[in-house]
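Trainee: Could you take me closely through the surroundings of the ligand, and then place that part within the rest of the chain?

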Amino acid sequence: MSKYEELHKLKEEMEKDESLPLKKGATKLVFGVGNTEAKIVCVGEGPGRTEDQRGIPFVGQAGKLLDKLFPLAGLERKEVFITNIVHHRPPENRDPLPEEILAYGKYLDKIIEIIKPKVILTLGRFSMAKFLPNVFISSVHGKRYEVLVGGRSTTIIPMYHPAASLRNGNVLAQEKLDFKNLKNILAELSKPKENIIEAEQTSLI
Ligand code: URA
């Protein structure tokens with residue numbers, strides 16, 4: 001089965017799952033969208049009003065900003081896969097609760113397991129905390145961390161949430177710098193790894 005087919009099947013499974021705690025108050029499941037062969041998965045917080053109506057993540061004001069930030073990193077939205085830490089809209093856009101994050105987490109884990117991204121870009125402190133617990137976003141934003149995700153070494157890059165940038169001009173300025181620097185991090189990551197065996201052999205000659 002292709003990654004696309006596996007994700008499609010997972011989405012259908014999720015749509016039928018009546019145990020998901022935010023399902024009752026939501027209009028649509030916001031599973032995720034984008035390139036199913038992506039090297040980068042972006043994980044936001046949770047759908048807002050527009051996303052809830054359309055069933056697509058990051059299509060409201062925060063999404064419009066995100067679309068402008070991607071090119072600073074040399075990226076286009078269609079290259080990445082975008083999803084959230086919870087896939088139904090929390091009432092009145094409140095923060096997701098720990099038990100909600102846990103309930104949706106098994107699906108997020110499966111999405112990541114299927115796509116197998118090299119890089120996970122977290123957007124905001126809730127998705128950051130899943131991969132980098134006990135850190136402050138103000139200290140770690142824009143930096144890269146190597147973390148075992150589902151047993152695979154994965155680069156986690158925590159970013160400010162675009163909604164925070166819409167509220168605060170200083171955060172926006174910092175986020176623009178972080179996305180510009182993300183271009184350097186991605187270039188660094190795509191360099192071929194040194195072949196250590198070959199290097200050792202060379203030194204023997
Ligand atoms: N904010 C998020 O975190 N996710 C969305 O999908 C939209 C806004």
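Mentor: What follows begins at the ligand and then moves outward to the aromatic residues and the loops.

Please keep in mind throughout that this is a predicted model. The ligand is surrounded by Gly44, Glu45, Gly46, Pro47, Glu51, Pro57, Phe58, Asn84 and His161. Sorted by class, this shell is made up of three nonpolar, four polar and two charged residues. Within the shell, a polar backbone atom of Glu45 lies 2.7 Å from an oxygen atom of the ligand, while the side chain of His161 places an N or O atom 2.7 Å from an oxygen atom of the ligand. Asn84 also contributes through its side chain, where an N or O atom is 2.8 Å from a nitrogen atom of the ligand. As for the cover that the ligand receives, it would expose 240 Å² if taken alone, and the protein buries 92% of that area.

Turning from the ligand to the aromatic residues, the structure holds one aromatic pair. Its members are Phe70 and Phe179, whose rings meet edge-to-face, with 6.4 Å from centre to centre and 75° between the planes. Because Phe70 belongs to the loop between α3 (61–69) and β3 (81–84) whereas Phe179 belongs to helix α8 (residues 169–190), the pair ties together parts that are 109 residues apart in sequence. Phe70 and Phe179 are both buried. Another aromatic ring, that of Phe131, has Lys130 lying over its face, at 5.9 Å from the ring centre.

The loop between α3 and β3, where Phe70 is found, also holds Gly74. Gly74 is partly exposed, its relative accessible area being 46%. From Gly74 to Leu148 the distance is 26 Å, C-alpha to C-alpha, for two residues that are 74 residues apart in sequence.

The next loop to consider runs between β3 and α4 (98–115), and Asn93 has its place there. Although Asn93 is a residue other than glycine, its phi is positive, near 60°; its relative accessibility is 41%, and Asn93 therefore counts as partly exposed. Pro96 is likewise found in the loop between β3 and α4, but Pro96 is buried, with a relative accessible area of 5%. The C-alpha atom of Pro96 is separated by 8.1 Å from that of Phe126, and these two residues are 30 residues apart along the chain.

A positive phi is found at Asn134 as well, with a value of about 60° in a residue that is not a glycine. Asn134 sits in the loop between α5 (125–131) and α6 (137–140), and its relative accessibility of 81% is why Asn134 counts as exposed.

Finally, Gly150 occupies the loop between β5 (145–149) and β6 (152–159), and Gly150 is exposed, with a relative accessible area of 82%. Between the C-alpha atoms of Gly150 and Asp109 the separation is 7.5 Å, although the two residues are 41 residues apart along the chain.

To return to your request, the part to keep in view is the shell around the ligand, where Glu45 contributes a polar backbone atom and where Asn84 and His161 contribute side-chain atoms.

Note on methods. Residues are numbered from 1 along each chain as its sequence is written. This is a predicted model: local features need pLDDT of at least 70, side-chain atom pairs count only at pLDDT 80 or more; totals for chains, interfaces and linings use all residues. Side-chain values use heavy atoms; hydrogens and water are left out. Rings of Phe, Tyr and Trp (its six-membered ring) pair if their centres lie within 6.5 Å; planes under 30 degrees apart count as stacked, over 60 as edge-to-face and the rest as tilted. Helices (H or I, at least four residues) and strands (E, at least two) are DSSP runs, numbered from the N terminus. Buried means under 20% relative accessible area, exposed over 50%, partly exposed in between (1.4 Å probe, protein chains only). A charge sits over a ring if NZ of Lys or CZ of Arg is within 6 Å of the ring centre and within 35 degrees of the ring normal. A residue is near a molecule or strand if one of its heavy atoms lies within 4 Å of it. A polar contact is a pair of N or O atoms within 3.5 Å; within protein, one must be able to donate a hydrogen and the other to accept it, and residues adjacent in sequence count only if both atoms are side-chain atoms. Accessible areas come from the Shrake-Rupley method with a 1.4 Å probe; for residues, only the protein chains shown count as cover. Ala, Val, Leu, Ile, Met, Phe, Trp, Tyr, Cys and Pro count as nonpolar, Asp, Glu, Lys and Arg as charged, and the others, Gly among them, as polar.
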